[in-house]
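Student: Could you walk me through how to read the contacts between chains and domains in a model like this one?
Tutor: Gladly; let us look at the structure together.

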Protein chains: 4
Amino acid sequence: MAGASGYAGALAARLLWRHPDFELVAVTSRSDAGRRLDDLYPHHRVPLVLDAFDVDELGQIDAAVVAYPHGAAAEAVAQLHERGIRVIDLSADFRLRDVAVYNEWYREHPAPGLIEEAVYGLPELYRDQLREADIVACPGCFPTAAILGLAPLAPYIDDVVIDAKTGVSGAGRAATENTHFVSVDENVKPYGVGHHRHMPEIDQELAAAGAKDLVATFTPHLLPLDQGELLSCYVKLNADVDVDVAALYEERYADEPFVELVTAPPGVRDVRETNFCRIAVHVDGRTGKVFVFAAIDNLWKGTASQAVQCLNIMFGLPETEGIL
Amino acid sequence: MAGASGYAGALAARLLWRHPDFELVAVTSRSDAGRRLDDLYPHHRVPLVLDAFDVDELGQIDAAVVAYPHGAAAEAVAQLHERGIRVIDLSADFRLRDVAVYNEWYREHPAPGLIEEAVYGLPELYRDQLREADIVACPGCFPTAAILGLAPLAPYIDDVVIDAKTGVSGAGRAATENTHFVSVDENVKPYGVGHHRHMPEIDQELAAAGAKDLVATFTPHLLPLDQGELLSCYVKLNADVDVDVAALYEERYADEPFVELVTAPPGVRDVRETNFCRIAVHVDGRTGKVFVFAAIDNLWKGTASQAVQCLNIMFGLPETEGIL
Amino acid sequence: MAGASGYAGALAARLLWRHPDFELVAVTSRSDAGRRLDDLYPHHRVPLVLDAFDVDELGQIDAAVVAYPHGAAAEAVAQLHERGIRVIDLSADFRLRDVAVYNEWYREHPAPGLIEEAVYGLPELYRDQLREADIVACPGCFPTAAILGLAPLAPYIDDVVIDAKTGVSGAGRAATENTHFVSVDENVKPYGVGHHRHMPEIDQELAAAGAKDLVATFTPHLLPLDQGELLSCYVKLNADVDVDVAALYEERYADEPFVELVTAPPGVRDVRETNFCRIAVHVDGRTGKVFVFAAIDNLWKGTASQAVQCLNIMFGLPETEGIL
Amino acid sequence: MAGASGYAGALAARLLWRHPDFELVAVTSRSDAGRRLDDLYPHHRVPLVLDAFDVDELGQIDAAVVAYPHGAAAEAVAQLHERGIRVIDLSADFRLRDVAVYNEWYREHPAPGLIEEAVYGLPELYRDQLREADIVACPGCFPTAAILGLAPLAPYIDDVVIDAKTGVSGAGRAATENTHFVSVDENVKPYGVGHHRHMPEIDQELAAAGAKDLVATFTPHLLPLDQGELLSCYVKLNADVDVDVAALYEERYADEPFVELVTAPPGVRDVRETNFCRIAVHVDGRTGKVFVFAAIDNLWKGTASQAVQCLNIMFGLPETEGIL
């Protein structure tokens, strides 16, 4: 577990520490090496000391979870991959299949040759590929909810507005003016307006799910809560489409252990500290649009527990092991 | 001040109690007659006893603010109007110009004959009519932000998605499962999906501002904060339109004392406990849409302080008196 | 599980539903019979329908958890006890050993004859008695933290001020003016000043732990958070006492699986959704007092998970089963 | 107004900007010179640009408010005082009358010679001295509430425990791990245990109010709210005292415009964004103690609006001008 001092990495460490089938042998941190993880995160109760990351001292391990920032992650992934260790990467470094898009939205990719090895870590769409994957690129939190919410409809979407609401943990552990309690409390405001790095990822995966020439409208908003993400998606269907929307979703998700289709509007409390994605679909008579509301916990299904779900699949374990 | 025991009514009472040019002579309540207003709302510090409403005991007054629920309001308005008292009504009873629409969304209108007397209490659009108005129908909180945010663009809108986020005071003082702290805290969820009473009001006023055949897509969401409303509006312009969006807004709102055009995304904290509506407009290169973000305090500009703004206009006072 | 529609009862149902060694066969509710528990509490994900309580229809069960209000609980306990079913009662009905005290603080006790059968369900103090108990009276949330925080010092206390801070879930599911989001948000205020029903319970158990003639000063405060309780205890020791305070605590709690002694001030986040009680002790040089800070989750260690801890003990299971 | 970029300084700037009798001519900042104050604090709406502090460029001014950190403040105060400008200092630099105590709790005092010139800026206790004061040392936020809450009782106090609860704005604008939203949200914990710089200030002023050899027990706690402070004071009276506690308070505060004596427990919402201190006194039959609960807004009565109250007094204005 590399990068265990951030919110997502620390949660992944906790889930693995208590997982019945994995043994967590080391946690590393670039900023907090030498500290105990349960000093930083008492509520996770992982009594390990954070080490510096040194791929040569890892010994015999089967898999590694990397929770480094973009760029730094790719380098660690490359080192681990070279030693034959299967890697789950929580960063964005291997999510975008087109390196030119990555270079435009992030920076020069440090290991472009590995991109095609990576499987996008959304089990509901890539389960089969994950079984054999050596590098898994865990989706961003917003793309997770967006893709799960819209994939069944993707081939029929003419246009979509995705209005996202997220808790503050999504902004990470860095103490900034924007994460100061007094800035967030009793407030709500949009950010990343017109330019957020999850945009190309959403478009890429909606296209993979069947959307044609779709540029989704996406704007996130910061809310006064710690964990949780709600995406409100307003879909205009192609003019000539006549589909049974409810049936589409029921079929697609009938056997999914972590997708809940509901009729009442979902709230993020309903999925707090779980790996569930809770989805409600409303076909709107007034406007002819389809509304899709998808709620996840950004640190769980949006990141860390989804990584464990992927690990379960990679190692042939029951998919819900340790995260239900 | 009739109906001073609700959130909006109590705030209106406070603003009038401290207003340099008005004298607040009586506060009434249907549910709490006999109690002191500053017992119910210590922070408003209005040391008056709530009376039952009796139009015959009001003595000589020039104006009345009515903050009763829909239906009950119209009856009180009718009684006051009959005695020649100018009335500001905070309810929905005189907002919709088409009684059939009112009857469909609310219930049989108790005083349809007075509808045409009423002026819609949005000073930025109806200032001239307000000067002479005898009945003022104060806008709903969502319509206030929606109309102010979209009026300059109205003639050019082909389609619009309005995603609204509101604090809990908008749900009123009634203690219900939905307003229980534990339901709201760490949560966000949509409500009124597909059917919210502010929909026809928004459509009516966007049409009045020039929109053609527009049915806006509107969904409100409940947030864990007490006061404040943010509307995120995603506008698709008519295909053949070529307008300077920024200039449209600057022109329209150049002289408005309570509309603030800003470039950074507005947060509801920026307008908390004020009569301001803070608006940011973003012309989006990726999607070709125009994004408009409008923030208000739902109890202030969304209701009570806007009522005082209307009163100032009706009585020829400086428009900002007592609310700046 | 009787009374599963309240906060504590629903959580107990969730913990038992997922417990590896117990089978939850029925959930009952007086107010919500016929509804599904996962409709009321989606995040608990207990897919059972609430029944009316009928002791004759329970079939063969080994134990029952009763989460009814005071008074109603005693009646259900009596019925269950009569049929030989071991009962965990979450109410206050069997906590006070002196029926006169109960009658003074609550009301006429409906089943005084059973009081002496009951064991106080605080495992850290009554573990041995719990093994054989037929009726367990689960402690109140404040007494749980107060007793765990002060028991090691009890024989040496001359006077103690306990200032308690609690989240809103402690006030229960009823929607009232006091639990309305707008009342609680951005607020903190004391309640039950001079008269709170947990007072006699705290005094009784501190006496049982060795305190002499002690009437603790206790005042709770309501905070804007959902779960969690922090007790700040300011202890004046008997004048002639010379004890190694730290050693007292370490000895007493060395083998306790759910008591954490820490040096940094504990926060309620550290114990959120856990059965832990986290305690820090500070011997204050300036004032000569001992400060004890004890944090619990009021719904977990303060109620429902402590009940499961008791059940584990009663049935000879590992004490941490299902709650770690 | 020197140091207008912090929370308290910015609020003072806002209050002075709108004050009917003062003209705010300059705002300075060490960290944000060149920025507009209404960029930093949109909701204060003070359209001034922050300058660097240069006492030689201030021109003719009658008074200055200094909101610098401890140490830096004394230097600015000395420069301003030398030029004959009356100064209100919001820092701790001139609060402690005994320089040795200051040196112990803070650091070597930079201008000890001015300490005896300073008047403690608590109008309710030092109104007469404030009229002629050239240097005013505004009290800390906790001492403000503690002294107002306890002064009437001071001569009779044998021992007192003060348990303080404060919102996050009290920790200032610096973004740290402790002020990160995720650290504070759903949490409450003590800080400064056994050692907080407001301790000697509280003891000094209680002594000035008549307390004998009193070392108050004081512990603050951080709460998930932005503004507001509640002090819960548990007083043991001297054994031989027989006083009418209620009468003591009523007499002392009968004519105070900003002290509210109430019977119901005060909440910090009741005084939010006001200069009021709201106090409830309870004589406790069970324990013989007197409980005093005092609520203020830490940024208003606890700092900035109290500074304006002092300015009003210094310049012979009505005491409530601009802050009611």
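Student: Through which surface do the copies, chain A and chain C, meet?
Tutor: Contact here means heavy atoms within 4.5 Å. Of the interface residues of chain A, 100% are also interface residues in chain C, so the copies meet through the same surface. Before we go on, remember that this is a predicted model, where local features need pLDDT of at least 70 and side-chain atom pairs count only at pLDDT 80 or more, while totals for chains, interfaces and linings use all residues. Residues are numbered from 1 along each chain as its sequence is written, chains are lettered from A and ligands numbered from 1 in the order in which they are written, and side-chain values use heavy atoms, with hydrogens and water left out.

Student: What rotation superposes chain A on chain C?
Tutor: Copies are superposed by least squares on the C-alpha atoms of residues with pLDDT of at least 70 in both. For chain A and chain C, the rotation is 180 degrees with 0.0 Å of shift along its axis, and the RMSD is 0.0 Å. That is the relation of a two-fold axis. Within chain A, the C-alpha nearest that axis belongs to A:Glu186, 4.4 Å from it.

Student: How many residues does each of these two chains bring, and what area do chain A and chain C bury?
Tutor: Chain A has 15 residues in contact with 15 residues of chain C. Buried area is the accessible area (1.4 Å probe) that two parts lose on being put together, summed over both. For this pair it is about 1300 Å², with 33% on carbon and sulfur atoms.

Student: How many salt bridges are there across the interface of chain A and chain C?
Tutor: A salt bridge is a side-chain nitrogen of Lys or Arg within 4 Å of a carboxyl oxygen of Asp or Glu. The rule finds four across this interface. A:Arg269 and C:Asp226 meet in a salt bridge through their side chains, at 2.8 Å from N to O. On the side of chain A that touches chain C, the residues divide into three nonpolar, two polar and ten charged. In that grouping, Ala, Val, Leu, Ile, Met, Phe, Trp, Tyr, Cys and Pro count as nonpolar, Asp, Glu, Lys and Arg as charged, and the others, Gly among them, as polar.

Student: Now for the other pair: what area is buried between chain C and chain D?
Tutor: About 3700 Å², of which carbon and sulfur atoms give 60%. The residues that lose the most area on the chain C side are C:Glu186, C:Arg269 and C:Arg286, together 20% of what that side buries. The contact takes 45 residues from chain C and 45 from chain D. A turn of 180 degrees with a shift of 0.0 Å along the axis lays chain C on chain D with an RMSD of 0.0 Å. The same surface serves both copies, as 100% of the contact residues of chain C recur in chain D.

Student: How many salt bridges does the rule find across the interface of chain C and chain D?
Tutor: Eight. In one formed by C:Arg286 with D:Asp203, the closest N and O atoms are 2.7 Å apart. The side of chain C that touches chain D divides into 21 nonpolar, eleven polar and 13 charged residues.

Student: Where are the domains within chain A?
Tutor: Domain bounds come from an automatic or database domain assignment. For chain A it gives domain 1 (7-139 + 302-314) and domain 2 (142-297). Their centres, taken over C-alpha atoms, are separated by 24 Å.

Student: Which three residues supply the most area that domain 1 of chain A buries against domain 2 of chain A?
Tutor: Let us take the whole contact before its parts. In chain A, 25 residues of domain 1 are in contact with 29 residues of domain 2. The area buried between these domains is about 2200 Å², and carbon and sulfur atoms give 52% of it. A:Tyr7, A:Trp105 and A:Glu124 supply 30% of the area that domain 1 buries against domain 2, more than any other three residues.

Student: How many salt bridges cross the interface of domain 1 and domain 2 of chain A?
Tutor: The rule finds five. A:Arg173 and A:Asp32 also meet in a salt bridge through their side chains, 3.0 Å from N to O.
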